[in-house]
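Work through the exercises below with the structure open. Each task is followed by a solution in steps.

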Amino acid sequence: MSANDSPATEGQLVGIGNPLLDISAIVDEDLLKKYDLHPDDAIMAEEKHMPLYKELTEKYNAEYIAGGSVQNTLRVAQWIFKKPNVCTYFGCVGNDNYATILRNKAEAEGVTVHYQTSSAAPTGTCAVLVTGTHRSLCANLAAAQHFTPDFLKTPECQKSIDKAKFFYASGFFVAVSPESIMLLCEHAHNKGHTFVMNLSAPFVSQFYKDPLEKLLPYVDVMFGNESEAEAFAKAFGIKATDLKSIALEMAAMQKLNKNRQRVVVITQGKDPVILVEGTKVTMVPVTELSREQIVDTNGAGDAFTGGFLSQMVFGKSWETCIKCGIYTATHIIQHSGCTFSGDSNFKE
């Protein structure tokens with residue numbers, strides 16, 4: 001499919017999140033232990049983690065990769081669209097070189113970027129510690145947490161919001177500016193547009209239950225992986241322990257737009273993806289890779305969401321959305337970081 005016959009139009013998909021420069025390195029278990037980090041976890045940096053970023057750049061063969069969960073997702077969606085500027089991204093950066101790297105990378109891959117700039121903090125970074133096929137993320141949000149709702153009211157942002165039909169926010173951003181997400185939720189609801197959200201990490205349900213609860217009624221599509229779904233169930237008093245039942249209960253929670261059933265998508269690594277539409281459950285099998293093919297699982301979840309959203313914009317079935325998510329995630333984990341090579345060639 002060439003750019004000219006892509007059914008996507010400019011500005012259709014808006015995402016809001018934390019723009020972070022990933023500092024990624026292959027490390028040993030000892031470094032995880034030293035900083036009290038765990039494989040396949042994602043946490044916010046505390047004071048004790050601050051020396052980690054310097055240590056990675058000085059002692060390890062670290063590479064800088066444009067990151068931030070939502071920005072990754074939009075970059076992947078753009079890769080599928082093969083047409084620039086279908087995706088627009090909002091986030092806050094510092095007034096520094098890292099911000100320039102992030103902007104250049106996102107724009108080179110076709111994402112329209114609206115960064116709020118904070119002079120109070122540097123651009124956020126995320127330490128990505130790769131051990132074997134596992135990755136541990138430790139994010140120092142810095143400037144990313146200085147995003148303010150009034151930025152969305154600027155003429156430039158308003159123009160992008162008015163153009164969009166699909167809105168996407170990460171759970172990570174609930175920890176930064178739930179008010180900003182709510183502005184997008186209300187706008188999407190009033191216009192009959194689609195609002196999509198990702199649980200992002202177990203800590204979001206554990207520590208940000210109240211703002212998450214306020215946003216939930218607006219959510220048309222919800223993503224999560226096994227550990228995120230389990231943390232959500234615990235926080236919201238869902239008694240079920242098997243993932244299918246949890247997903248069904250998530251789909252049944254209060255929803256403002258009664259014309260659309262909530263869709264819940266739970267990924268389980270190499271096991272089938274759970275798709276719930278209202279009360280209907282479908283299991284979608286995953287392409288399994290050999291250990292040798294897996295380079296780095298960092299960004300797999302972001303890539304899955306990017307593939308999914310691309311087909312949603314095209315108006316495809318939920319199952320096709322998931323198949324494209326599996327296609328993009330499978331591609332990404334064979335590369336270092338959330339990066340891709342060559343042209344996408346997803347076929348239904």
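## Exercise 1: The sheet of 9 strands

In this predicted model, 9 strands form an open sheet with mixed pairing, in the order β6-β5-β1-β9-β10-β11-β12-β13-β14.

**Task.** Find which strands stand at the edges, and give the average turn between neighbouring strands of this sheet.

**Solution.**
- Step 1. Go to the ends of the order. The edge strands are β6 and β14 (280-284).
- Step 2. Check their partners. Each of these edge strands pairs on one side only.
- Step 3. Take the turn. Neighbouring strands are turned by 15° against each other on average, direction ignored.

## Exercise 2: Strand β5 and its partners

**Task.** Determine in which sense β5 pairs with β1 and with β6, and how many bridges join each pair. Then decide whether the residues of β5 are buried or exposed.

**Solution.**
- Step 1. Start with β1 (residues 13-16). 4 bridges join β1 to β5, and the two strands run parallel. Within this pairing, Ile-16 has Phe-90 as its bridge partner.
- Step 2. Turn to β6 (residues 112-118). Here β5 pairs over 7 bridges, again in the parallel sense. Phe-90 stands opposite His-114. Tyr-89 stands opposite Val-113.
- Step 3. Recall the general pattern. In a regular strand, side chains alternate between the two faces of the sheet.
- Step 4. Sort the side chains of β5. Cys-87, Tyr-89, Gly-91 and Val-93 point one way. Thr-88, Phe-90, Cys-92 and Gly-94 point the other way.
- Step 5. Judge burial, for which the cut-off is under 20% relative accessible area. In β5 (residues 87-94), 8 of 8 residues are buried. Both sets of side chains are therefore covered, as every residue named in step 4 is buried.

## Exercise 3: Phe-195

**Task.** Place Phe-195 in its strand, and state which residues it touches.

**Solution.**
- Step 1. Locate the residue. Phe-195 lies in strand β10 (residues 194-198).
- Step 2. Check its accessibility. Phe-195 has a relative accessible area of 1%, so it is buried.
- Step 3. List the contacts, leaving out residues up to four places away in sequence. Phe-195 touches Phe-167, Ala-169, Ile-181, Leu-184, Cys-185, Ala-188, Tyr-218, Val-219, Asp-220 and Val-221.
- Step 4. Take one of these contacts. Phe-167 is 28 residues from Phe-195 in sequence, yet their C-alpha atoms are 4.9 Å apart.

## Exercise 4: Helix α11 and helix α3

**Task.** Describe where α11 lies on the strands. Then classify its packing against α3.

**Solution.**
- Step 1. Set α11 on the strands. It lies across β1, β9 (166-170), β10, β11 (221-225), β12 (263-268) and β13 (271-277). Its angle to β11 is about 160°.
- Step 2. Compare the axes. α3 (residues 69-81) and α11 (residues 300-313) cross at roughly 50°, and their axes come within 7 Å.
- Step 3. Classify. That angle makes α3 oblique to α11. The crossing is right-handed.
- Step 4. Name the residues. On the α3 side they include Ser-69, Asn-72, Val-76 and Ile-80. On the α11 side they include Asp-302, Gly-306, Leu-309 and Val-313.
- Step 5. Divide the contact. Its residues are 7 nonpolar, 8 polar and 1 charged.

## Exercise 5: Helices α9 and α10

**Task.** Give the packing geometry of α9 and α10, and the handedness of their crossing.

**Solution.**
- Step 1. Read the geometry. α9 (residues 226-235) and α10 (residues 243-252) pack at about 60°, with axes 10 Å apart.
- Step 2. Classify. α9 is therefore oblique to α10, and the crossing is left-handed.
- Step 3. Name the residues. Glu-226, Ala-229, Glu-230, Phe-232 and Ala-233 of α9 make the contact with Leu-243, Ile-246 and Met-250 of α10.
- Step 4. Divide them. The contact has 6 nonpolar, no polar and 2 charged residues.

## Exercise 6: The sheet of 5 strands

**Task.** Give the strand order of this sheet, and explain why one side of each edge strand is left without a neighbour.

**Solution.**
- Step 1. Write the order. The open sheet runs β3-β8-β7-β2-β4, with mixed pairing.
- Step 2. Examine the edges. β3 (42-44) and β4 (63-67) each have a single partner strand, so one side of each lacks a neighbour in the sheet.
- Step 3. Take one pair. β2 (residues 20-26) and β4 run antiparallel and are joined by 5 bridges. In this pair, Asp-22 stands opposite Ile-65.
- Step 4. Add the helix. α2 (residues 50-59) lies across β2, β4, β7 (124-131) and β8 (134-140), at about 65° to β7.

Key: Residues are numbered from 1 along each chain as its sequence is written. This is a predicted model: local features need pLDDT of at least 70, side-chain atom pairs count only at pLDDT 80 or more; totals for chains, interfaces and linings use all residues. Side-chain values use heavy atoms; hydrogens and water are left out. Two strands pair if DSSP finds at least two bridges between them. Contact means heavy atoms within 4.5 Å. Axes are lines fitted to C-alpha atoms, for helices over the stretch in contact, and angles run from 0 to 180 degrees between N-to-C directions. Angles under 35 degrees count as roughly parallel, over 145 as roughly antiparallel, 65 to 115 as roughly perpendicular and the rest as oblique. A crossing is left-handed if the near helix is turned anticlockwise from the far one by less than a right angle, and right-handed if clockwise. Ala, Val, Leu, Ile, Met, Phe, Trp, Tyr, Cys and Pro count as nonpolar, Asp, Glu, Lys and Arg as charged, and the others, Gly among them, as polar. Buried means under 20% relative accessible area, exposed over 50%, partly exposed in between (1.4 Å probe, protein chains only).
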